[in-house]
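Hi,

Here's the structure I said I'd pass along. Have a look through it, and then read my notes underneath.

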Amino acid sequence: MNNPGTAQAARRAKRTRSDLAVITAWWRGLGDDGFLVLPPPTRSRYTQSDGHEDAAELLAVRGLTGPVSFAYWHWQSHGRAFGRSGALEGELLLHWGGDHAVTAAGLGEGPTGFRVVDGGPKGAFQLDRITGRDDAGLPDPADADGVRQFLAALDEPLDRTTAPFRYRPLSAAEAAWLHERLRAPFSLSDATRFAVSLERRDELTPDETELLLRAWREEYEGRLAEWPAWKELLHALLRHGDEEAWEIIAALGSRAAEVLPRVPSERGLATARAFALGGDRAAVRPWLALHRSLREPDAIRATAAIAAELEAHDVPESSLRGLHDALTGAVTSDWRRETGEAYRAGRSYAALAAVRFALDERLPRALRALAADAARDRVDLVREEALRPGAAPLAGTDTSEVLADVARYEAARDGLLSGTGPDLTASEGSLGDVWHRYRTLTEADVSWLRGRTAAPETGLQGLGFCLELLLAHGVATASDVDALLPHRLKDLTKKYRTTYTEWRHPLVTLTCLALDLDHPVAGKLVSWWNGARPLWKDELRLLTHLGAPDEAKAAELWDFVTSPVHDVGQLMTWVLVRARLDGEHPLLVADRLLGTPGIREYVLHRVLIAVADPGQPLWHYSVDPRSWSWWQRALEVAEHPGLSAEARSVGLRAARQHSLVRSPDLVSPAPTEAVREAARSWIERHADG
């Protein structure tokens with residue numbers, strides 16, 4: 001009788017190692033004194049920020065204080081690259097920190113059978129399989145990796161800064177190869193990638209379009225938008241004048257509007273208009289594009305006409321914001337097309353356009369206010385560009401006219417912006433970009449924040465943003481609690497991830513406010529936090545201890561922050577609690593913690609900078625190197641005369657690593673050259689710190 005253990009061992013020996021195993025084995029062999037690699041990721045390392053946090057923790061654990069470069073990949077990249085069996089199904093992005101040249105040398109060429117491609121000082125490294133091509137540059141159709149890489153190269157736009165994207169023409173051999181892939185035996189899943197590459201160049205034939213349409217409708221009935229090539233096929237249907245295109249548009253709804261401007265028609269115009277007037281912000285841009293193509297080419301007059309219709313139909317404010325964005329994009333694209341200028345110049349022109357839109361009385365006041373807000377952080381860039389020696393400010397513009405427009409804008413700005421605020425439905429990053437504006441609040445700011453807090457349509461992100469500012473600045477009141485409870489309680493108890501923002505979950509902030517005010521609802525809120533369900537709230541419960549703090553709450557927080565559990569704001573909460581209880585600045589509390597056993601150094605360093613302004617602490621889970629708020633706080637810590645030398649060095653180190661010094665293009669809002677020079681000068685003055 002055969003030994004089952006021996007048979008199992010033999011089967012294992014015959015098995016070839018997976019791509020993941022090969023890459024991991026190579027990875028674990030990398031590293032030296034000046035370069036280290038992080039272990040392969042788990043789900044906790046989901047983003048690049050997580051990777052940099054893991055690197056900071058590893059450096060601290062190993063006691064590495066000198067210049068060290070590092071590389072890693074995160075879970076999102078892992079999931080895109082590897083299949084369930086560990087096979088490499090797409091390029092693996094390798095992110096890094098420190099010195100680019102050191103990292104490139106440390107990674108080398110890659111494991112056998114694979115190659116590492118250097119994405120440059122501002123990009124990631126890419127690891128992929130080595131494949132071959134024939135004399136015509138075509139892959140073997142049976143080589144899945146070769147086909148994937150070939151299609152990826154075909155589908156790389158000529159210019160990613162202009163929309164819609166344009167792609168290089170196909171050679172006769174490439175076109176024939178793609179068409180051949182669509183012939184029998186036909187499979188929609190296999191054909192999808194080839195159809196996309198063809199139609200991006202208007203090359204799907206009527207017969208191919210019909211074949212794909214039938215298969216799409218059959219395999220994706222009731223869920224048409226789940227097929228990844230639906231936009232390209234809809235474009236082909238419109239291009240061929242197929243009546244079924246309109247049936248598809250009706251089934252897809254407003255998401256189909258973005259395809260319509262590529263094949264302009266009166267029917268498409270009416271369709272995009274209907275979607276936009278129905279409240280769909282995304283349909284506003286194609287409506288403007290079609291209106292300009294078919295009715296009124298002048299962007300300002302077309303925008304004014306559409307704005308009047310939006311106002312008449314009482315659509316949400318977000319639609320008007322969409323129209324402003326569409327106008328800016330349209331005139332900037334026009335200018336770049338006419339002048340041949342590159343993307344960077346286009347950004348400068350967009351800033352000038354915002355200045356001029358704010359002054360253009362052909363536009364309604366609401367649109368002018370949005371333009372004034374868009375220009376607020378960019379007007380200094382416009383002025384600097386206009387005054388730059390030896391260069392015209394922007395192609396087709398006059399220096400004196402630009403400076404006159406800037407002066408007129410600055411005179412009108414405050415009046416236009418009074419009682420306005422940011423788009424609370426924008427990305428967390430976009431809202432974080434304006435956080436530094438609110439270190440002090442005007443009466444108009446308070447009124448706007450309070451109004452948005454009370455507005456029933458404000459979502460959790462907006463509530464978190466507004467409540468945090470009201471409470472941090474000490475102007476939140478019982479009326480703000482009453483405006484939200486009890487009718488918003490169901491919404492407020494929903495999960496909302498806040499680790500990438502400067503504000504907390506709105507129910508955390510609201511609970512702190514209710515506790516501070518001894519509001520009648522405080523007990524009910526505390527009971528909810530102490531309940532068994534939902535589980536997501538458990539990691540945030542201790543953050544509510546900042547409301548009406550006492551020694552028992554401080555002790556519970558301390559037990560947490562000295563434990564190995566992941567910190568999502570608990571140490572910062574303890575520092576702020578301790579500062580309130582002892583009546584001192586939280587910076588002094590954080591300073592005394594330096595070197596305390598059980599406190600993770602990299603978390604404490606983030607907290608030290610975050611509490612530099614107790615009137616507006618920064619709740620982001622790590623130092624954000626592209627944020628103005630973190631730059632300002634880093635300098636304040638570095639220059640604070642009451643802090644220890646070790647604490648000041650934390651601020652100095654954060655300032656040296658900030659993108660304003662290292663990669664100014666990443667900072668948002670974009671800095672002027674004068675600001676960049678001031679930052680460089682500050683770093684030079686503190687070179688010996």
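Below is what I found, starting with a sheet and ending with a helix.

One thing to keep in mind: this is a predicted model.

The sheet is an open one of 5 strands, running in the order β1-β2-β3-β5-β4 with mixed pairing. At its edges sit β1 (35–37) and β4 (114–117); each has a single partner strand, so one side of each has no neighbour in the sheet. From one strand to the next, the twist averages 25 degrees.

If you zoom in on β4, you'll see that it pairs with β5 (residues 125–129) in the antiparallel sense, over 4 bridges. Phe-114, for instance, has Arg-129 in β5 as its bridge partner.

Two helices pack on this sheet. Helix α3 (residues 48–62) touches β1, β2 (69–72) and β3 (92–97), and its direction makes about 130 degrees with that of β2. Helix α5 (residues 100–107) touches β1, β2, β3 and β5, with its direction at about 55 degrees to that of β2.

Now for helix α28 (residues 570–582). At 1.5 Å a residue, its 13 residues should span 18 Å, and the end C-alpha atoms are indeed 18 Å apart, so the two agree.

How much of α28 is buried? Here 10 of the 13 residues are, so the helix is largely enclosed by the rest of the structure. Among the buried ones are Trp-574, Leu-576 and Arg-578. What do the buried residues of α28 pack against? They pack against α27 (551–561), α29 (586–593) and α30 (601–610). Right after α28 comes Gly-583, with a positive phi near 70 degrees.

Cheers

Technical notes. Residues numbered from 1 in each chain as written. Predicted model: local features only at pLDDT ≥ 70, side-chain atom pairs only at ≥ 80, totals over all residues. Heavy atoms only, no water. Expected span 1.5 Å × (residues − 1). Buried < 20%, exposed > 50% of the residue type's maximum accessible area, 1.4 Å probe, protein only. Contact = heavy atoms within 4.5 Å. Pairing = 2+ DSSP bridges. Axes fitted to C-alpha atoms, helices over the stretch in contact; angles between N-to-C directions.
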